[in-house]
Amino acid sequence: MILRNAYTGDITPEMAGKEVTLAGWVHETRDLGGIFFLVLRDRKGFAQVTLFRKTTDPVLLNTVKAVSRESVVQVKGLVKTEAKAPGGYEIVPIDVKVLAPAEVPLPMDPTGKVDCELDTRLDVRYIDIRRPCALAVFEIESAVLQSLRDHFYKNGLTETFTPKIVAAATEGGTDLFPISYFEREAFLNQSPQLYKQMLMAAGMDRVFEIGPIFRAEEHDTRRHLNEAISVDVEVSFADENDVMSLLEWAVAGAYSYVKENCSKQLKAIGLDLQVPKTPFRRVTYTEALELASGAGRKSMNWGDDLDTETERFLGEKIGEHYFLTEWPSSIKPYYTLPYSDHPEVCRGFDLMHPRMELASGAQRVHDYNLLVERIKSKGLQPAGFEFYLKAFRYGMPSHAGWGLGLSRLVMTMLNLDNIRDAVLFPRDRRRLVP
RNA sequence: GUCCGGAUGGUGUAGUGGCCUAUCAUGAAAGCCUGUCGAGCUUUCGACCCGGGUUCGAAUCCCGGUCCGGGCGCCA
């Protein structure tokens, strides 16, 4: 049996006289002597429970006075219109049950009166997320996922799952987490890339997958994690422009959806969300180098990958979402299709937010012989990719796709400083618990 | 990985060799208070990351360790 029949956010002053049963956490208590306030919090808001020394049953009053902050309580009471109460109503309790007392002292302050460092918050994430502004991030993330899925279904994509436990490294193996798989060694997959391409050979035509990826790199920044959620798309008979279009509409659509459906959460975060305009600006790699050169900046050679400083410079200069296109083939993966007439440039692209890269994608190589050649040119052994290469020998359509970092999308959307704020239980170089 | 910075009550902080019996806020405990909404007031409680060193004297300086933050690198 559900222990509540209403959330705080469902109650209005017009419900005066109605009996409701709320359940949630004791956000705070204020004892003014003759009058006592308990603020109950659930995921939809707050409700003030008011008790009077003269009229409240002494046993009930003592129960409420003795309860510690953040204890879980069930409050049965009458809604009363009261101009002096927050929201214009309060609850006059008939019965209060302490379902689970909270120990004191608390490891952090969920009311936000005292600051708390990220590390401390992550150690007690289950308390941190009781803060409406922390909860809002994950409710918005859920809305983003719903919007993305809606967009994919509307565009005829099929949702898929590919294995996270794989036999071999996609490329080398230095950045994969090895795991024990019965009598063999296996790895946690760093990307569904090879599998979603095999699904193109399978004739699934248009697929997406939203799932975890694992990377064993020792990066240690505010925008990298060792476990992340990747939103992956692959579309047959499409080129890079087709999937860039799908991507920009997915991103802009997620912003619109959040703006329309998450006003409470945006308010909790204190953000006036601006929906990016589509289509996003296209900037070629070569144009980006030109934009970034001069003005006392160190010069970059054509073929160099863009370093963090250049990326940031471009972001500030452009000031909105943009696509970086026409990359040198040398710095994109082997499965990225080079232009046939000038193969030093390829059909790869990155979706950039002014602060960081959000997604990368490409039209893929679908010709078996070219793919083998590209693998070799990257200094890799085709033999290691046999399970994948074989799929290109029995009718592989042309295709294109991309992978988008979900947490980066949320982080940049909500202007969060650290990607860890956008992940419930982040996994980084040091953190494995909780 | 590397560079820079940091570690003080439960939480967040002040304190750069003696004025520290360590600041402030929050919290907790007790009390007063009938309209609070970061309530107010009184009293009380609670801390210098670990190990070594320098010094008459170390929260403070030095060395090592651990942990944390930020930058960069890495991120097919």
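1. Starting from the outside: chain A exposes about 21100 Å², and carbon and sulfur atoms supply 52% of that area. Keep in mind while reading on that this is a predicted model.

2. Some overall bookkeeping. The chain has 12 helices and 16 strands. Its C-alpha atoms fill a box of roughly 90 × 60 × 40 Å, taken along the principal axes. Of the 434 residues in chain A, 50% count as buried. If you take the contacts with a separation of 6 or more, 64% of them come from residues 24 or more positions apart.

3. On charge, chain A carries 53 positive and 60 negative charges, and the mean positions of the two sets are 6 Å apart.

4. Now the inside. The largest nonpolar core has 50 residues, and V144, F152, V258, W402 and M413 are the ones with the most contacts inside it. Several elements each supply at least two residues of this core: among the helices, helix 4 (132–154), helix 6 (240–261) and helix 12. Strands that do so include strand 10 (206–214), strand 11 (227–236), strand 14 (348–353), strand 15 (356–363) and strand 16 (399–405). Apart from that core lies another one, of 22 residues, with V26, L61, V73 and Y89 among them.

5. T8 is worth a click. Is T8 buried or exposed? With a relative accessible area of 2%, T8 falls under the 20% cut-off, so T8 counts as buried. You'll find this residue in the segment before strand 1 (19–31). Leaving out residues up to four places away in sequence, T8 touches L22, L40, D42, K44, G45, F46, A47 and Y89. One of these, Y89, also belongs to the core of 22 residues. For a distance to check on screen, T8 and A23 are 15 residues apart in sequence and 8.8 Å apart in space, C-alpha to C-alpha.

6. Next, a little sheet. Three strands make an open sheet in the order 7-9-8, with antiparallel pairing. Which strands sit at the edges? Strand 7 (165–166) and strand 8 do, each pairing on one side only. Strand 7 is joined to strand 9 by two bridges, and the two run antiparallel. As for who pairs with whom, the bridge partner of I165 in strand 9 is L188.

7. Staying in that region, look at F182. This residue is in the loop between strand 8 (177–181) and strand 9 (184–188). F182 has a positive phi of about 50 degrees although it is not a glycine. Why does F182 count as exposed? Its relative accessibility is 69%, and the cut-off for exposed is over 50%, so F182 counts as exposed.

8. There is a positive phi at N415 as well, of about 60 degrees, and N415 is not a glycine either. N415 lies in the segment after helix 12.

9. Finally, the cis peptide bonds. One joins T278 and P279, with omega about -5 degrees. P279 is in the loop between helix 7 (263–269) and strand 12 (281–284). A cis bond also joins V433 and P434, again with omega about -5 degrees. P434 is found in the segment after helix 12 (406–413).

Notes
Residues numbered from 1 in each chain as written. Chains lettered and ligands numbered in written order. Predicted model: local features only at pLDDT ≥ 70, side-chain atom pairs only at ≥ 80, totals over all residues. Heavy atoms only, no water. Helix = DSSP H or I, 4+ residues; strand = E, 2+ residues; numbered from the N terminus. Buried < 20%, exposed > 50% of the residue type's maximum accessible area, 1.4 Å probe, protein only. Core = buried A, V, L, I, M, F, W, Y, C linked by side-chain atoms within 4.5 Å. Contact = heavy atoms within 4.5 Å. Areas by Shrake-Rupley, 256 points an atom, 1.4 Å probe, with all protein chains shown as cover. Lys, Arg positive; Asp, Glu negative; His and termini not counted. Charge placed at Lys NZ, Arg CZ, Asp CG, Glu CD. Pairing = 2+ DSSP bridges.
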